[in-house]
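Q: I've got a model open and I don't know how to read it yet. Could we go through it together, one feature at a time?

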Amino acid sequence: MSTTLPPMSQRGFLRWLWRQLTSMKTALILLFLLAIVSIPGSYFPQRGTNPILVDQWIADYPRLGPIFDSIGLFDVFGSPWYSAVYILLFISLIGCVVPRLGVHWRAMRSQPPPAPKNLSRLGGSTFEIEGEVATVIENARELLKKDHWRTVIGQDADGSRWVSAEKGYLRETGNLVFHFSLILILVGVAVGGLFGWRGNVIVREGEGFSNTLTQYDAWGGGRLSSAESLPEFSFTLESFNVEFERGNAQEGAPRLFEAKMIVDRPGVEGSTTHLVEVNEPLVIDSAKVFLVGHGYAPHLIVRDSKGQVVLDDPVVFLPQDGNFTSTGVVKVPDSDPQLGFRGLFLPTSAITEELGPHSIFPAPDDVSVFFGAWAGNLGLDSGISQSVYTLNVDDMTQLGLESLQVGQTWRLPEGAGSIELTGYERWASFQIASDPGKELALIASILAIVGLSLSLFIQRRRVWVKIGQVVEVDQVTEQGSSGTVKVGRVKVEVAGIAKASGHDAIEQVDNIVETLKGQTA
Amino acid sequence: MDFMNSVELVQLADASNNFIYATMVILFIATISFSVSFAAGRRRVRRVEVSPRRVLVESSGSEVRESEGSLAELDPGRRAANIGMSLTWLAGAMLLVGVILRGIWAGRVPWGNMYEFSISSALGILLVFLVWSTQRDLRWLGLFVTIPTLLTLGLAVTVLYTESAQLVPALKSYWLVIHVFAAIVGGGAFTVGAATAGLSLISGKGWFTQLPSREKLEGLTHKVIAFSFPIWTFAVVAGAIWAENAWGRYWGWDPKETWAFITWVIFAAYLHARSTAGWKHQKASVIAIVGWLAFLINYFGVNIFINSLHSYAGV
């Protein structure tokens with residue numbers, strides 16, 4: 001090798017590094033690190049779950065915001081430093097657990113170690129019983145075997161004979177299963193991240209949706225997921241039922257969400273009707289359709305200056321608070337000049353000095369919509385794509401403000417046209433998701449719990465039964481050429497230990513002693 | 001619901017509240033009893049400095065066991081501890097009735113909001129302690145269990161109290177029974193474990209001379225956490241299964257999920273520390289307490305201070 005360092009020391013250094021990384025102390029420190037680096041993810045809003053709050057946070061703290069953003073505080077669980085910690089932890093885990101696999105494999109196939117010379121040093125119990133050495137030993141062994149101990153029989157140099165027994169191998173098996181299951185969970189998460197996808201769509205009552213990319217309001221998929229291979233299906237939101245608490249306790253809290261959907265899918269004759277609720281998603285092939293939100297869509301008719309209808313549609317308004325004070329925007333590019341409205345939909349209207357117009361109950365008990373109207377250029381031709389929920393009023397002039405109840409019409413100033421509130425509809429928002437890794441993650445989680453329980457509740461124990469000498473000989477029987485059999489009283493020693501600190505084998509030893517005594521009694 | 005029925009239900013609600021107030025009174029007296037016992041024990045130890053604190057006795061055969069009972073002559077301290085223990089049993093029974101009545105009133109499991117979760121958790125702490133006390137003498141631990149239970153109940157009836165109501169749709173699932181029950185039992189055991197871990201740090205020092213030895217307390221802490229860690233793991237996994245069914249993803253780093261994960265990681269660190277040279281003793285106990293603090297943050301902090309999907313029903 002042409003490196004400046006001698007190959008041995010380089011290998012030595014790598015080995016040293018590996019040993020450091022896979023040591024228990026490193027694992028401990030990495031666990032602490034993992035706990036600590038998770039904390040900002042719970043404190044700062046995260047892009048993955050709440051992108052709007054993130055933007056708001058950055059806008060509120062213009063100096064700190066961009067800095068925090070650049071170091072990943074708004075995407076903690078996808079940041080390089082977070083990944084570094086858990087990847088190191090998993091390398092440490094693999095390095096720690098893989099060698100133990102071999103050790104455990106050999107331990108499972110090997111026999112329990114011989115009994116220690118001096119059993120009395122381990123405490124335990126000494127007693128005398130009637131019997132013959134070989135029979136007592138055989139009895140003890142049978143007894144232990146029946147209780148699922150692994151046993152071996154042996155003889156010391158001084159002639160005393162023993163049974164050595166060991167139990168609780170499942171403890172280490174459980175431990176290994178647990179740690180390997182953690183790796184499997186990570187694989188499941190990775191599979192979901194790479195091949196999974198998730199999209200959101202708002203559907204009004206009576207409206208339909210078919211599962212193609214263009215129909216989604218938002219769609220995101222893993223690096224290896226394909227938007228072309230979305231499962232084929234379509235549905236219509238027939239009706240959406242919602243009920244709110246009207247009693248004093250928790251007034252306004254939702255009590256029922258229920259979307260009645262008519263679903264068409266290939267291979268299924270005709271349409272099927274499904275009721276989708278919050279905890280009851282609709283499963284279609286690899287995808288699941290979840291009901292995640294709902295709101296109101298006021299039905300508006302806008303006429304231009306000549307009295308022509310230029311818009312006749314329910315417009316989706318987004319709820320801003322628990323009482324469904326909702327905001328929305330109406331853009332009418334086909335009138336001259338172009339018209340734009342900002343609206344505030346109140347299902348149960350109230351006005352206070354402090355809050356202005358707002359809703360005091362989520363159900364449509366007293367509906368009104370507050371409008372601000374603008375005329376001019378909506379700026380839709382500028383090439384920059386606009387959100388349907390924001391109105392760019394840079395090139396527009398405000399015409400005025402008005403509130404409408406159902407059936408009312410507002411004639412805009414300067415003969416610019418009119419807007420009429422004819423009613424309202426409900427909409428429901430759905431999340432449609434597919435995660436091919438979730439089954440693997442679930443199976444691995446169950447394995448992890450089983451392994452963990454085994455490793456914590458099973459104790460590894462060793463017990464020994466030893467017969468030192470025959471105390472007194474009642475009779476000596478000839479037995480062919482093999483010699484003589486001594487029958488009489490034998491001194492039996494029983495002792496045991498548990499491997500884990502804080503545990504012992506007293507109960508097991510007591511059991512063996514009692515049974516052995518009972519057999520001869 | 002007809003009129004008579006609702007009158008009966010209102011009475012049920014009052015009854016539940018009364019049982020919980022009664023529990024608090026009894027627990028308060030139990031706390032005083034345990035404190036008296038604690039103070040008396042301290043005096044006694046100072047008085048009988050000559051008698052060795054640990055006596056090795058020969059019992060059946062040649063086995064050697066540690067005697068805890070050598071000082072257990074029925075002095076005032078012991079009597080007070082026994083009274084405290086009996087009162088804690090009574091409080092546990094009263095609280096059980098209070099929680100069950102609340103459940104009947106609401107017509108569902110009694111952990112649909114923070115108030116109910118708190119009274120159920122208080123019951124969880126007491127039950128873990130009481131069941132365990134049938135296995136071994138835990139009178140010395142009584143004071144350190146009744147105090148956190150009393151605090152939990154106090155917080156529940158003052159800050160967190162909510163009239164019972166139906167569940168929001170997101171909570172209407174049998175996973176509410178499984179997931180939250182596991183969290184309550186796991187959390188109750190973490191609390192008991194934090195108490196023994198805390199005591200192991202001060203055992204033998206200053207006032208705390210008549211507690212079990214430090215090693216013994218560390219062993220007990222390990223046992224409680226070995227019991228609660230798999231339950232907590234199960235609670236997290238059950239929550240993930242529920243989340244997949246309700247929100248369309250099994251893990252989304254919602255603050256509640258994040259802190260459940262942090263709690264899990266810290267207790268995993270505790271179990272590792274227990275088999276790492278140089279970390280087995282005080283350091284492990286400190287980790288157990290930190291883990292319990294993470295559990296508390298998850299329990300109160302996330303609902304009250306952080307915007308989370310788990311912020312339900314008033315709080």
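Q: How are helix 8 of chain A and helix 6 of chain B oriented to each other, roughly parallel or roughly antiparallel?
A: Keep in mind that this is a predicted model. To read a helix pair, look at the angle between the axes: over 145 degrees counts as roughly antiparallel. Here the axes of helix 8 of chain A and helix 6 of chain B cross at roughly 170° and come within 9 Å. The two helices are therefore roughly antiparallel to each other.

Q: Which residues meet where those two helices touch?
A: On the helix 8 side of chain A, look for Leu442(A), Ala448(A), Ile449(A) and Leu452(A), among others. Across from them, helix 6 of chain B brings residues including Phe229(B), Pro230(B), Phe234(B) and Val237(B). By class, this helix contact has eleven nonpolar, three polar and two charged residues.

Q: Now zoom out. How many residues does the contact take from chain A and from chain B?
A: Chain A gives 52 residues and chain B gives 50. On chain A, the elements that each supply at least two residues include helix 2 (24-43), strand 11 (287-303) and helix 8 (438-457). Helix 2 of chain A has the largest share, with twelve residues. Sort the chain A side by class and you get 26 nonpolar, 19 polar and seven charged residues.

Q: What about the nonpolar core: which residues touch the most other members?
A: The general idea first: in soluble globular proteins, nonpolar side chains tend to be buried together. In this model, the largest nonpolar core has 158 residues, and those touching the most other members include Leu31(A), Phe267(B) and Tyr270(B). Helix 6 (residues 214-247) of chain B gives the most to this core, with 17 residues. Leaving out residues up to four places away in sequence, Tyr270(B) touches Ile225(B), Ala284(B), Ile287(B), Ala288(B) and Gly291(B). There's also a second, separate core of 25 residues, which includes Ala115(A) and Val492(A).

Q: Which domains does the assignment give for chain B?
A: Domain 1 covers 1-49 + 71-165, and domain 2 covers 167-315. You can read their contact just as you read the one between chains. It takes 24 residues from domain 1 of chain B and 25 from domain 2 of chain B. On the domain 1 side, helix 1 (3-47), helix 3 (114-133) and helix 4 (142-158) of chain B each give two or more residues. The largest share there, nine residues, comes from helix 3 of chain B. That domain 1 side has 15 nonpolar, seven polar and two charged residues.

Methods: Residues numbered from 1 in each chain as written. Chains lettered and ligands numbered in written order. Predicted model: local features only at pLDDT ≥ 70, side-chain atom pairs only at ≥ 80, totals over all residues. Core = buried A, V, L, I, M, F, W, Y, C linked by C-beta atoms within 7 Å. Buried ≥ 20, exposed ≤ 12 C-beta atoms within 10 Å, placed from the backbone. Helix = DSSP H or I, 4+ residues; strand = E, 2+ residues; numbered from the N terminus. Contact = placed C-beta atoms within 7 Å. Nonpolar A, V, L, I, M, F, W, Y, C, P; charged D, E, K, R; others polar. Domains from an automatic or database assignment. Axes fitted to C-alpha atoms, helices over the stretch in contact; angles between N-to-C directions. Parallel < 35°, antiparallel > 145°, perpendicular 65-115°, else oblique.
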